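Colleague: I would love to go through this model with you over coffee. Could you take my questions one at a time?

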Amino acid sequence: MSKRSIVLHLDEGWYDALSRQLNKKDTTIEDELNAYLDEMLNQLPAPVYERVSREIWEEDQRQRQAAEAVRRFSVFRVTQDGRTDHLLTEGAGSMDALHAAMRLRTYLLRKGNSSERFAETIPAADYIAPEVFREYADELRQDTGRMVSALDIDLDRGEFSVLDAQDGWKTYTTRDASVAAWYASRRDGMTWEWRLDRFAEQLENKIIRCEGPETEPPSGPTM
């Protein structure tokens with residue numbers, strides 16, 4: 001519900017004097033005025049107070065639900081050198097399978113002797129517990145519209161798994177995912193939808209394992 005400002009004018013001398021006096025009581029003019037407003041609100045007839053309180057609460061709930069509905073998430077399970085990390089990205093940091101495959105390709109090409117782990121290259125990612133990863137994966141299965149992707153990238157096994165809401169986990173080799181990402185991104189000026197189609201086409205016959213919608217691909221130990 002919209003708010004309205006109340007502006008009061010007080011000579012600076014009075015303001016300073018009141019501030020010094022109230023400071024002795026560990027309070028401020030603003031605190032006292034807010035307390036006085038609360039007293040005035042409590043003097044409203046009970047039906048009026050209850051009606052307005054309910055309207056404010058309902059509007060707050062609608063705003064919260066609207067804000068929640070537009071949030072977008074991606075979750076990752078990344079296994080490398082015997083360690084498994086679970087990560088969450090939100091908003092602009094969310095990645096679909098093609099984004100992730102492109103980032104993985106860049107990482108593999110540049111890795112060399114670097115000790116940087118692939119999980120560390122995912123921007124604005126928060127580490128989450130395995131059960132939280134599973135909760136978000138379940139939400140993708142339910143197709144609520146908030147989930148961009150759920151991905152299981154196992155560099156130790158050389159596997160790149162993508163969760164499909166209808167078909168479950170689809171697993172490809174990291175090499176095939178990397179090559180598909182190259183094909184999808186090599187031409188300039190193409191829309192992202194076009195790139196996604198090319199990526200899917202390249203991987204269409206490259207599935208090495210396909211779990212059902214309620215299963216999870218095997219993963220390494222959790223850290």
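Modeller: Happy to! Let's begin with the hairpin of β1 and β2, which has two residues between its strands; in that hairpin Asp81 takes a positive phi near 55°. Helices (H or I, at least four residues) and strands (E, at least two) are DSSP runs, numbered from the N terminus. Two strands pair if DSSP finds at least two bridges between them.

Colleague: Before we go on, what kind of model is this, and how are its residues and side chains treated?

Modeller: Residues are numbered from 1 along each chain as its sequence is written, and side-chain values use heavy atoms, with hydrogens and water left out. This is a predicted model, in which local features need pLDDT of at least 70 and side-chain atom pairs count only at pLDDT 80 or more, while totals for chains, interfaces and linings use all residues.

Colleague: Back to Asp81, then: is it buried or exposed?

Modeller: Asp81 lies in the loop between β1 and β2. Buried means under 20% relative accessible area, exposed over 50%, and partly exposed in between (1.4 Å probe, protein chains only). With a relative accessible area of 64%, Asp81 is exposed.

Colleague: Which residue in the loop between α4 and β3 has a positive phi, although it is not glycine?

Modeller: As background, most residues other than glycine have a negative phi. The loop in question follows α4 (97-110) and leads to β3. The residue there has a phi near 50° and is exposed, at 68% relative accessible area: Ala124.

Colleague: How many bridges join β1 and β2?

Modeller: β2 covers residues 83-90 and pairs with β1 in the antiparallel sense. As one example of the register, Ser74 has Thr89 in β2 as its bridge partner. The number of bridges is eight.

Colleague: And in which sense does β1 pair with β4, parallel or antiparallel?

Modeller: β1 spans residues 73-80 and β4 spans residues 147-154, with seven bridges between them. Among the partners, Phe73 goes with Met147 and Val78 with Ile153. The sense is parallel.

Colleague: How many residues of β1 are buried?

Modeller: Both faces of β1 are covered. Phe73, Val75, Arg77 and Thr79 lie on one side, and Ser74, Phe76, Val78 and Gln80 on the other. The strand is largely enclosed by the rest of the structure, because the buried residues number eight of the eight.

Colleague: What is the order of the strands in the sheet, and which ones stand at the edges?

Modeller: Seven strands form an open sheet with mixed pairing, in the order β3-β2-β1-β4-β5-β6-β7. Each edge strand has a single partner, so one side of each is left without a neighbour in the sheet. The edges are β3 (126-127) and β7 (209-210).

Colleague: Which residue has a positive phi in the turn between β4 and β5?

Modeller: β4 and β5 pair in the antiparallel sense over four bridges, and Asp154 has Glu159 as its partner in β5. The two strands form a hairpin with four residues between them. The turn residue, with a phi of about 70°, is Gly158.

Colleague: Which residue in β6 stands opposite Leu163?

Modeller: Six bridges join β5 to β6 (residues 168-173), and the two run antiparallel. They form a hairpin with three residues between them. Opposite Leu163 is Trp169.

Colleague: How accessible is Glu159, in relative terms?

Modeller: Glu159 sits in strand β5, where five of the six residues (159-164) are buried, so the strand is largely enclosed by the rest of the structure. Contact means heavy atoms within 4.5 Å, and not counting residues up to four places away in sequence, Glu159 touches several residues, including Tyr172, Ile208 and Arg209. Glu159 counts as buried, with a relative accessibility of 10%.

Colleague: Stepping back, what radius of gyration does the chain have?

Modeller: The chain has seven helices and seven strands, and its C-alpha atoms fill a box of roughly 75 × 45 × 40 Å along the principal axes. The radius of gyration is taken over C-alpha atoms, and the globule rule is 2.2 Å times the number of residues to the power 0.38. A compact globule of 223 residues would come out near 17 Å, but the chain has 27 Å.
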